[in-house]
There are 2 protein chains.
Amino acid sequence: MKIKDKLLVAKIGGNIIENNEALDSFLQDFSKVKGPKILIHGGGKSATKLASKLGIKTEMIDGRRITSAENLDIVVMTYAGLLNKTIVSGLQKYNCNALGLTGADANVIVANKRPVQFIDYGYVGDVTTVNKDTLKGFIDLGITPVFCAVTHDTNGQLFNTNADTIASEIASAMSTDYEVALFYCFELKGVLENIEDKDSVIEHIDLEKYSELRDQDVIADGMLPKLKNCFDALHKNVNKVHIANADFIKDNSIKHTTLSL
Amino acid sequence: MKIKDKLLVAKIGGNIIENNEALDSFLQDFSKVKGPKILIHGGGKSATKLASKLGIKTEMIDGRRITSAENLDIVVMTYAGLLNKTIVSGLQKYNCNALGLTGADANVIVANKRPVQFIDYGYVGDVTTVNKDTLKGFIDLGITPVFCAVTHDTNGQLFNTNADTIASEIASAMSTDYEVALFYCFELKGVLENIEDKDSVIEHIDLEKYSELRDQDVIADGMLPKLKNCFDALHKNVNKVHIANADFIKDNSIKHTTLSL
């Protein structure tokens with residue numbers, strides 16, 4: 001059996017992106033990681049700020065943005081425009097040959113409009129396909145793909161899609177060809193037992209612990225969907241999944257959360 | 001001597017981009033062109049509109065945008081975000097495997113900040129390098145690159161760069177490997193002798209005629225820099241240069257302007 005090459009799939013959240021110094025420091029660290037890598041970024045806070053400046057209402061349900069046509073425009077301007085290109089040029093500065101992508105670019109991520117059940121999320125897409133061969137083609141050219149949280153339906157419609165989910169789907173799809181490590185990087189140290197205590201990191205979460213955490217209702221709202229994305233990836237053969245502070249990218253020994261089945 | 005493959009480099013202007021039907025029709029026609037192709041788009045009017053909504057002043061000198069830091073953000077949001085991704089997803093709809101790019105993406109176009117002489121244009125970049133091998137790598141993957149008018153300096157700074165110039169520079173750089181045709185597509189039929197008469201197309205412009213036109217002061221302001229870009233491309237071995245209506249992409253027999261040395 002051929003030994004697979006390693007691939008890092010890292011996702012960074014809004015609190016890193018919106019702090020110029022924290023972002024620059026992360027991008028420098030990320031650029032130093034050897035071997036193939038893919039970056040995925042969020043940016044919800046910037047989108048909300050721009051919407052507010054333009055007098056457009058932002059409606060969130062369970063941390064998910066209700067994406068009207070005009071909110072979609074804002075999402076695309078912010079995620080695919082300002083944030084993605086700031087990150088791409090920031091990586092080029094450190095000689096990392098970044099290529100910014102939405103799912104529409106080179107048709108890399110296809111999604112379906114989320115069906116209306118109880119809530120109409122608007123132009124929100126659920127990922128159906130990651131074109132891993134195209135992504136591998138970019139990586140083989142020495143390129144580092146940088147994804148924002150926008151997908152498309154191949155019929156001319158763009159969608160807002162959760163960045164954590166995109167990271168999980170990309171990591172899963174690439175695991176056929178690579179030994180994939182998936183890092184969710186944010187401002188905290190990991191999954192916290194007690195949100196008031198920034199040091200109360202749960203260092204290992206397996207399926208049993210995950211089930212316990214869901215039942216106990218102790219972890220923050222936004223963390224449950226993130227954990228679901230982690231376990232989805234593990235179920236689809238991603239080798240390692242970590243939730244950690246952005247510094248984890250340069251120092252794998254710091255306290256963090258490791259997920260396993 | 002090896003016969004070179006043909007490459008189409010087409011630029012579309014703001015009046016096509018900002019009309020949904022005209023844009024969709026152009027993208028459908030463009031997607032039908034066989035063989036390798038590259039699209040470049042402008043979008044100044046959309047940027048001005050967004051600036052105005054945000055209460056940010058737009059200052060133009062000789063048709064060039066004075067690009068302050070906040071104007072640059074607007075340019076990047078509009079060109080690289082909304083317009084570029086609308087065009088990319090619009091091409092994917094017609095099975096054209098488009099990939100949206102700024103110059104920072106995969107480091108394809110490097111520029112220098114325009115030096116201040118009489119006017120400080122702000123974050124405006126003059127192209128120094130087009131990385132033609134990377135572009136060829138994309139084309140070899142079956143991809144159609146779609147450029148917006150944003151470049152970078154490899155040191156983390158994005159720039160606003162004239163889309164006509166980007167088209168000319170790309171066409172010139174690619175002419176080493178391809179037999180390149182460069183089309184400037186817009187809402188008029190070509191270069192007009194009399195701007196009041198939409199039918200007064202000058203069908204051929206060579207260097208002598210170009211010199212005459214510059215002296216006579218008969219053609220519209222924005223057209224002179226466009227003509228300069230055309231002749232720059234011809235001097236750098238681009239095979240054919242045309243200024244034409246967007247319909248020229250599907251019907252090469254319509255009345256238009258052809259440039260030659």
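Q: How much area is buried between chain B and chain A?
A: Buried area is what two parts lose on being put together, summed over both. In this predicted model, chain B and chain A bury about 2,700 Å² between them. Carbon and sulfur atoms give 71% of that area.

Q: Which residues of chain B lose the most area to chain A?
A: Those are B:Met77, B:Leu82 and B:Lys85, and together they make up 20% of what the chain B side buries.

Q: And how many residues does the contact take from each chain?
A: A contact here means heavy atoms within 4.5 Å. By that cut-off, 34 residues come from chain A and 34 residues from chain B.

Q: Let's turn to chain A by itself. How do I read its radius of gyration?
A: Set it beside the value for a compact globule of equal length. For 261 residues that value would be near 18 Å, and chain A has 17 Å, which agrees. Along the principal axes, its C-alpha atoms fill a box of roughly 45 × 45 × 35 Å.

Q: What is chain A built from, and how many of each element are there?
A: Chain A has 14 strands and 8 helices. Among its contacts with a separation of 6 or more, 69% link residues 24 or more positions apart.

Q: What share of chain A counts as buried?
A: Buried means under 20% relative accessible area; 55% of the 261 residues of chain A fall in that group. Chain A exposes about 11,200 Å², with 47% supplied by carbon and sulfur atoms.

Q: How many charged side chains of each sign does chain A have?
A: There are 34 negative and 29 positive side chains in chain A, and the centres of the two sets lie 5 Å apart.

Note on methods
Residues numbered from 1 in each chain as written. Chains lettered and ligands numbered in written order. Predicted model: local features only at pLDDT ≥ 70, side-chain atom pairs only at ≥ 80, totals over all residues. Heavy atoms only, no water. Helix = DSSP H or I, 4+ residues; strand = E, 2+ residues; numbered from the N terminus. Rg over C-alpha atoms; globule rule 2.2 N^0.38 Å. Buried < 20%, exposed > 50% of the residue type's maximum accessible area, 1.4 Å probe, protein only. Areas by Shrake-Rupley, 256 points an atom, 1.4 Å probe, with all protein chains shown as cover. Lys, Arg positive; Asp, Glu negative; His and termini not counted. Charge placed at Lys NZ, Arg CZ, Asp CG, Glu CD. Buried area = accessible area lost by both parts, 1.4 Å probe.
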